[in-house]
Amino acid sequence: MSSSPPVRIYAKPGDLVKDMSDDKIGLVLSNPEPWNSTNADAKVYLIQWPSVSYPIEMDDSALQNGWVVVVSRADVPTV
């Protein structure tokens, strides 16, 4: 019996995410970008949290492990 690969969770600019440890809501500012040149699988997002005056890098594993969840999706215009 083969198992299907895990479903990846993605966020995009304009989405709102919630930190499950403190219930803070953050704004996603970037698409996932490679964290460094040695590990292309490691991705980070830029997130603006209300308690910090500058964007913070958030590792994609926070979304994949459920530590941060997407609570609102930004509308994407269709052309």
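1. Surface. About 5700 Å² of the protein chain is exposed, and carbon and sulfur atoms supply 56% of this area; accessible areas come from the Shrake-Rupley method with a 1.4 Å probe, and for residues only the protein chains shown count as cover. Of the 79 residues, 22% count as buried (buried is under 20% relative accessible area, exposed over 50%, partly exposed in between; 1.4 Å probe, protein chains only).

2. Basis. This is a predicted model, in which local features need pLDDT of at least 70 and side-chain atom pairs count only at pLDDT 80 or more, while totals for chains, interfaces and linings use all residues. Residues are numbered from 1 along each chain as its sequence is written, and side-chain values use heavy atoms, with hydrogens and water left out.

3. Fold elements. The protein chain has one helix and six strands, in the order β-β-β-β-β-α-β from the N terminus. Helices (H or I, at least four residues) and strands (E, at least two) are DSSP runs, numbered from the N terminus. Among contacts with a separation of 6 or more, 40% are between residues 24 or more positions apart (contact: heavy atoms within 4.5 Å).

4. Salt bridges at Asp15. The structure holds three salt bridges, a salt bridge being a side-chain nitrogen of Lys or Arg within 4 Å of a carboxyl oxygen of Asp or Glu. Asp15 pairs with Lys12, with 3.1 Å between the closest N and O atoms. Asp15 is buried, at 0% relative accessibility, whereas Lys12 is partly exposed at 22%. Arg73 also forms a salt bridge with Asp15, at 3.0 Å between the closest N and O atoms. Arg73 lies in the segment after strand S6 (68-72) and Asp15 in the segment before strand S1 (16-19), so this pair ties together parts 58 residues apart in sequence. Arg73 is partly exposed, with a relative accessible area of 45%.

5. Lys18 and Asp23. These side chains meet in a salt bridge of 3.6 Å, N to O. Lys18 has a relative accessible area of 24% and Asp23 one of 48%, so both count as partly exposed. As for shared partners, salt bridges join Lys12, Asp15 and Arg73 into one network.

6. Pro50. This residue sits in the loop between strand S4 (43-48) and strand S5 (56-59). Pro50 counts as exposed because its relative accessibility is 59%. Leaving aside neighbours within four places in sequence, Pro50 is in contact with Lys24 and Ile25. Gly26 is 24 residues from Pro50 in sequence, and their C-alpha atoms are 6.7 Å apart.
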